[in-house]
Each structure stands twice: as C-alpha cells, then as structure tokens.
Amino acid sequence: MMSKNILLICYSFPPHPGIGGRRWAKFSKYLSYKDFKITVFNAENISHIKSLWNRDIIENRNIMVNSFKFQFQNILFSPKHVIQKIFRKILIKSLKLVKYTPDIITSFPNPKFWKAIENTIKADQIDLVIVSGDPYLFYYAAKLKQKLNYNLVLDYRDLWNDHSFYRSFVTFSKPQKLFFEYAENFAVNNCSTILCVDDHLKKTIKNRLKNDCVNIITLHNGFDKDDFKNLVLKDLNLTGKLNLFFAGTISSDLNNQLFHFIQSFEELKNKLPQVYHKFQINISGTIDHYLIEEINNLKLENLFVDADIKSNEEYYYQLNEAQIGLTILSDEYKNSFITKFSDYLYLNKYTVSIGESGDFSDFLKENKIGTNFTVSDNYLFFKNLLDEMISFNSSFIDLKQQFDIVNLTKKLQYEIS
C-alpha cells in the first residue's frame, strides 16, 4: 500500500502569489480530501500581493506549508534603498562569472531550504517527492534523491531550455547557460515520473530522456467547480454586444500578437463599422505599460485595456458576463491547453485563441467550441466570428469531464500510486 505522505516543492505555492501556484493548490486540496498529507516547501511571499488560491489551502489540516526566503530574494526582486540597488547591480554583474543566474533564483544553492527538506523527508519517512517548477528545483531534488532514495515526480508546467524566451529575453553567460541545460537533463533522467500539462510539452521533454525507466504522462490543468459555486451560469446572449474577455498576464513575447489583433479590430471599425459595434473587448492584468499606451492611443471606444489585477471573484463574475474568452499563445505554446481554457469551458464560453495554429486551435475547431486568430488574419475575422457565434452550441458535458480537476486528481493519484 502506498504512503499517503507527500512532500511537495513548489516555489509559488500559496500564500506566495502567481499562477504557478494554482495547479498544485488545486491538486493538493483534492488529494487532502482523500486523506493525503501534503508537506509543502515554497518561497516566502515578500510582496503585498496575496495568492488568488489561498482559500484552497488555508485551514486545511492535511496541507502544511513551509515558506523560505530564497538567497538574494529581497535584493533581486525588491531592493528597498540605494545601497541595496547598488549591491543588486554588482551582484548581477558578478554572477556572469559563475553558473548561478539572478533571473531564476532557485539556481542558487539555498542551503537552508534544501536542508529543511532533507530533514523533513528523514523525520517523516517520506518516500514521494513532487516538484513543480523549474530545472533548478528539479536538479537539486534529483541530487537529494541520490542521497535519500525516494520516488521523485517532476511536474512540467512550462518549457525551459526548449523555450525561445530563454534565448531572446534572458541573457545567460556561458556558465549560466551550461548549468541551466545540465540541470534539466540531469533531473529528467534521475526521477521516477514526469507529469506534463500537454502532449506537445511531453514530446519535447521526451527528447531529453535517456533513461527508459522514467514514466512520462500528460496531466492537463483543469477547472474547479468550487470556484464557481456563487455564480449562476449565463445562457449565451447574442442580442447585445459580444464581449471578448481576457484577464491575466501577457508576457512581453506576446505583445506583437495581441497588438495585431487590436489593430485588426481598429481596421474593422474603419471598414465595417456596423460589425465593429457588435463587439466589445475587455483586457486587463499584468501588461507592459508601453503596450497599454499603444492600444489606448488607437482610441477605440469599444475596447478597454488596463493593468488592473482582479480578484478571483471579479474575474469569474466578469467572465461569466462575457460571451467569448480570449487566450494568447506563443508559438511554443500553440499546442497547450492553458488554465484559462478550462474556465471558459466550464462557463460555456466560446474561445478565441490568438496565435499560430496548433493542437489547441485544432481541438477548438474540431469540437466547435472556438476558433483561432493568426498573424495572417485581418478585420474580416470578426465578421466570420459573428457567424460562428450564431451556430455555437455550448452543451459539451463530455468535454468538461476531461478538464474537471476532480477527475484529473484521480488520474494523478493513480499515476503516483
């Protein structure tokens, strides 16, 4: 019989804020209902922002959170005065000579963090460790596995060395890049199981595997019905303006895609004003300020964009009022089923994916629950979208079963047993 003690390592697990904590806040919550005890090690929250998923884990006696300050966390992320800011500049420059990178602070040895994990594994006789995060967390956990010999599960939410972001937007020195690559390859070949959020990520990581004994599976993100218990699901209303809604984080590498979409909306206003006035677009969240300024300079009265961070309640209420949910995917993630999609699915929203065609857009089209806007599309996209909405049938119970977090947790439980 398997042990029901799990040690989970997740940098952004609540109360630390960030979307990275959502997946395992949800899995931990539903595992705890099955009498699993989850001991979590995460990063201390040094910001004023609260996790949107605190309520999933607080007052849960089966989930114990241990928060640590990571090395240089304060200096790198929130220097308070001139001396700290000067030290930060010196530190970043000096680190170019070694393998540790200031861009991902889990790369540092963080001895207090890892010693506490080692002591807990020994004291509680834990034989299952799950790590959700980056290659450095994977690597240090795999090194510790050689010493303590536990079952190690790596949870991939993102691409790392295989993502163009780390070639275009992060400047690694040669030692830093070599360590980044080595850490990932070492970890994936010295674990028991790898979980991936989508099939494309699974295929990519599989190319790094030399160890045939490693089990690698896909475990999607999913919706949690508890998040919507205060909502009355809306029927599709096509009598007024169609509201296209997005709230969340837009990374810098997605700016051009989003701006092309907005420019096409501007073109729609100029060429087909009667269609333009049938739409309204609402975008908010963590967005580069210069992009907000560029969009607002277009002076589109049917488009609203701001840097407002919504509470869960605000997000779900406004999404429920909309007819269409937006996703914005980079080329690397055109095959990914991101968390927002499962929210749209549960709330019966049509999905518009902004980005290149891939597994995700194919899934939307095959199931007639969404469509795709690519770089080759223009203002006529919105005219076609009107026609698609008229024939949209939001009754897709079977699809919902695939993305229900309760069912996904059952699959997880089977894979780790």
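## Exercises on strands, helices and cores

β12, helix α14 (residues 359-366) and β13 form a β-α-β unit that is right-handed. Keep in mind as you work that this model is predicted.

**Exercise 1.** Find the strands that pair with β12, and work out whether β12 is covered or open.

*Solution.* Start on one side: strand β11 (residues 324-328) runs parallel to β12, and five bridges join them. Here Ile328 sits opposite Ile354 of β12. Between these two strands the chain passes through helix α13 (residues 339-346), giving a right-handed β-α-β crossover.

Now turn to β13 (residues 370-373), which pairs with β12 in the parallel sense over four bridges. Ser353 has Asn372 of β13 as its bridge partner.

Next, check the cover. Strand β12 (residues 350-354) has five of its five residues buried, so mostly covered is the right description. In a regular strand, side chains alternate between the two faces of the sheet. For β12, Tyr350, Val352 and Ile354 point one way, while Thr351 and Ser353 point the other way, and all are buried.

**Exercise 2.** Write down the strand order of the open sheet of seven strands and name its edge strands.

*Solution.* Going across the sheet, the order is β3-β2-β1-β4-β5-β6-β7, and the pairing is parallel. The edges are β3 (63-68) and β7 (215-218), each of which pairs on one side only. Neighbouring strands are turned against each other by 20° on average, direction ignored.

Zoom in on one pair: β1 (residues 5-10) and β2 (residues 37-43) are parallel, with five bridges between them. Within this pair, Ile9 stands opposite Phe41 of β2.

Then add the helices. Helix α8 (residues 199-206) lies across β5 (151-156), β6 (193-196) and β7, at about 160° to β7. Helix α17 (residues 405-416) lies across β1, β4 (128-132), β5, β6 and β7, and runs at about 175° to β7.

**Exercise 3.** Which residues touch the most other members of the largest nonpolar core?

*Solution.* The core holds 115 residues, and those with the most contacts to other members are Ile9, Ile194, Phe261 and Phe279. Helix α5 (residues 135-148) supplies the largest share, eight residues.

Take Ile9 as a worked case. Leaving out residues up to four places away in sequence, Ile9 touches Phe41, Phe113, Trp114, Ile117, Val129, Ile130, Val131, Ser132, Leu137 and Ala141. A separate core of 25 residues includes Phe13, Ile38, Ile63 and Ile416. As background, nonpolar side chains in soluble globular proteins tend to be buried together.

**Exercise 4.** Why is helix α1 described as largely enclosed by the rest of the structure, and how is α1 oriented against α17?

*Solution.* Count the buried residues along α1 (residues 22-32): eleven of the eleven are buried, so the helix is largely enclosed by the rest of the structure. The buried set includes charged-looking names on your sequence view, such as Arg22, Arg23, Lys26 and Lys29.

For the orientation, use the angle between the axes: α1 and α17 pack at about 75°, with axes 10 Å apart. Angles of 65 to 115 degrees count as roughly perpendicular, which makes α1 roughly perpendicular to α17.

Finally, list who makes the contact. From α1 come Trp24, Lys26, Phe27, Tyr30 and Leu31, and from α17 come Ile405, Val406, Leu408, Thr409, Leu412 and Gln413.

How values were computed: Residues are numbered from 1 along each chain as its sequence is written. This is a predicted model: local features need pLDDT of at least 70, side-chain atom pairs count only at pLDDT 80 or more; totals for chains, interfaces and linings use all residues. Side-chain values use heavy atoms; hydrogens and water are left out. Buried means under 20% relative accessible area, exposed over 50%, partly exposed in between (1.4 Å probe, protein chains only). Two strands pair if DSSP finds at least two bridges between them. Axes are lines fitted to C-alpha atoms, for helices over the stretch in contact, and angles run from 0 to 180 degrees between N-to-C directions. Contact means heavy atoms within 4.5 Å. A crossover is right-handed if, with the strands pointing away from the viewer, the path from the first strand over the helix to the second runs clockwise. A nonpolar core is a set of buried Ala, Val, Leu, Ile, Met, Phe, Trp, Tyr and Cys residues joined through side-chain atoms within 4.5 Å. Angles under 35 degrees count as roughly parallel, over 145 as roughly antiparallel, 65 to 115 as roughly perpendicular and the rest as oblique.
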